[in-house]
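Me: I would like to learn how to read the surroundings of a ligand and the contacts of aromatic rings. Could we go through them one by one?

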Amino acid sequence: MICGIDLGTTNSLLGVVEAGFPILLADESGSRLTPSAVSFPQDEAAPPLVGTPALRQRIIHPELTLTSIKRLMGQTTRVGPKHNLPEEISALILGHLKKMGEAAMGQPLTRAVITVPAYFNDSQRAATKRAGELAGFTIERILNEPTAAALAYGLDKLDERSKIAVYDLGGGTFDISILEMRAGVFEVLSTTGDTRLGGDDIDQALLDALILQTGTPPSPAARARLWEAAIAAKHALSSSDSHLLTLPFFDGTRSLEVSLTRTQLEAVARPIIEKTRTHCQRALADARLTPADIHQVILVGGSTRMPLVHQIVADIFGQPPNTSQHPDEAVAMGATIQAGILEGSLRQILLLDVTPLSLGLETFGGLMNVIIPRNTTIPCKAGEMFTNAVPNQPSMLVRVLQGEREMARDNWELGQFAIEFDPGPKGSARVGVQFEIDQNGLLRVLARNTLTQTDRVLEIASTAVDVTDERVESMVSESVAYAIEDMRERIFVEASHKANELLPALDMALAQAGSLIPPDDRERIEAAAAETRAALITGEAARLKAAVTALDHATEQLAAAIVEQAMEASLHRRGLL
Ligand code: AMP
């Protein structure tokens, strides 16, 4: 099993692919985010603390606590009370994640994919790899964070040459990268940013504004409490318009109660977020692109949860950003997906998309005629030839259906259109109907009248996208529940179609054959025809099918006898017999 790791400046996460699904693992407290912090206890014999306990230690012993170690990766400076290299500190964080993952999975985790910023140079990448090895991992791949994010957003399914902007605003850093999809992999066209810009700056600005509002400067302890409350308020204001910040006995006897609105927070945060604009413009210019060339803008980093960030990003790129993923988990999710691809457990899900349900057309008698069965790998193409069922039929209605039921009415209609026939006898028209599903799940139905070379095209977006898992599940389970009834109905419809073709033909043949057939045979044929008519009325599928099979057999013999008779007559006429 290979795990995916986002070794972040503020937080780190670890995930694995289990039963074909990428999942991020949580510690015993249920948290998936482990603060990237390490603290060395005063008691030298005690092991270092990692994560939330280390952050707590920081309040008491800031000199023994290390955060944002990622900023120093690749440098030879020694840090902390034990004069460690940055990668040794990172190794402690990775070791902590490893233990947490092993506890959650109940098995050793020894192989990993780790992400790094796109701008990391060779020595920074090598240091990250060494950190992983020190923690006991074999590093299978060092993956660029924007590429990981694009994988998490499912953008590997975009067309060749699609361009993606990855806007990553975290706690302490801002990165903007422009990627291009080429031959199935993402290439970084440009990357830039500010290693000292992020949510921390917003926290600081909000804290300053709050202190200004409270009047007197708070004590260091009160300041720490206010700081925490400010961060909590910032987070709350990403989803609500106002937040009441209460700190009882905040500064000795003084209690604090401040009502904060999103508008007030945004006034403070705007100048900070606006700083990302020039970086974005720079990244576009470096890639020789304009905002209009960008197909998707995706968001990464906890600070992009702020609605104001959405607004400013939309303004910079002239399009709303894709907000479909958890921005603070996207990189770890992408690393996990990459791990799954490397170990082979995700190839099917990721690279080969399949049709969730069968696609087909309604044919005679209201039956579903499947053209592309469910679970077919896309892109795919399939088709069938249709003809007119009755003489001089002016047109045929093509109803495009999706579902697993035998009767058209029980499936979902995706669209319909009519195709014109040229007047002619039954079976003279030739219409090829082709279903084509492209990489993006877009269904194109082409109906071509091969005699006149006229085409009708119906394009149906998202055959897969708006079909939710629950709807697919209930469609499939319904098809199982109704399998017998459905099959009976299909058999009846098909047999009655055949009966309605055979019976008039038989009447004609019997009249034509006259005394040619022995009375016994005639009786047998007439009995089969009577049985068929009776079964049609009673609606019994199995009975009708048996009767039609007998009738089919009987008419074959009759037809052969008629042909033989005609041949004999012709040979006689020509004096050959
Ligand atoms: P990251 O570096 O991606 O882990 O992002 C951490 C930053 O995201 C911190 O500054 C957090 O305060 C910020 N953050 C996390 N959740 C939210 C939220 N709901 N609204 C605004 N900022 C958030």
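Me: Which helices each supply at least two residues of the shell around the ligand?

Reply: In this predicted model, a residue belongs to the shell if one of its heavy atoms lies within 4 Å of the ligand, and the helices that each supply at least two such residues are α5 (199-214) and α6 (220-236). The shell holds 14 residues, and the closest are N11, K234, H235, S238 and G302.

Me: How do the residues of the shell divide into nonpolar, polar and charged?

Reply: The division is 1 nonpolar, 10 polar and 3 charged.

Me: Which side chains have an N or O atom placed for a polar contact with an oxygen atom of the ligand?

Reply: A polar contact is a pair of N or O atoms within 3.5 Å, and among the side chains that provide one are those of K234, at 2.8 Å from a ligand oxygen, N11, at 3.0 Å, and T10, at 3.2 Å. Of the 500 Å² of accessible area that the ligand has on its own, the protein covers 84%.

Me: How many aromatic pairs does the structure hold, and how is the pair of Y119 and F120 classed?

Reply: There are 2 aromatic pairs. Planes over 60 degrees apart count as edge-to-face, and because the planes of Y119 and F120 stand at 70°, with ring centres 5.9 Å apart, this pair is edge-to-face.

Me: Are Y119 and F120 buried or exposed?

Reply: Buried means under 20% relative accessible area, so F120, at 6%, is buried, whereas Y119, at 33%, counts as partly exposed.

Me: Where does the charged end of K98 sit?

Reply: The charged end of K98 sits over the ring of F137, at 5.7 Å from the ring centre.

Definitions and conventions:
Residues are numbered from 1 along each chain as its sequence is written. This is a predicted model: local features need pLDDT of at least 70, side-chain atom pairs count only at pLDDT 80 or more; totals for chains, interfaces and linings use all residues. Side-chain values use heavy atoms; hydrogens and water are left out. A polar contact is a pair of N or O atoms within 3.5 Å; within protein, one must be able to donate a hydrogen and the other to accept it, and residues adjacent in sequence count only if both atoms are side-chain atoms. Accessible areas come from the Shrake-Rupley method with a 1.4 Å probe; for residues, only the protein chains shown count as cover. Helices (H or I, at least four residues) and strands (E, at least two) are DSSP runs, numbered from the N terminus. Ala, Val, Leu, Ile, Met, Phe, Trp, Tyr, Cys and Pro count as nonpolar, Asp, Glu, Lys and Arg as charged, and the others, Gly among them, as polar. Rings of Phe, Tyr and Trp (its six-membered ring) pair if their centres lie within 6.5 Å; planes under 30 degrees apart count as stacked, over 60 as edge-to-face and the rest as tilted. Buried means under 20% relative accessible area, exposed over 50%, partly exposed in between (1.4 Å probe, protein chains only). A charge sits over a ring if NZ of Lys or CZ of Arg is within 6 Å of the ring centre and within 35 degrees of the ring normal.
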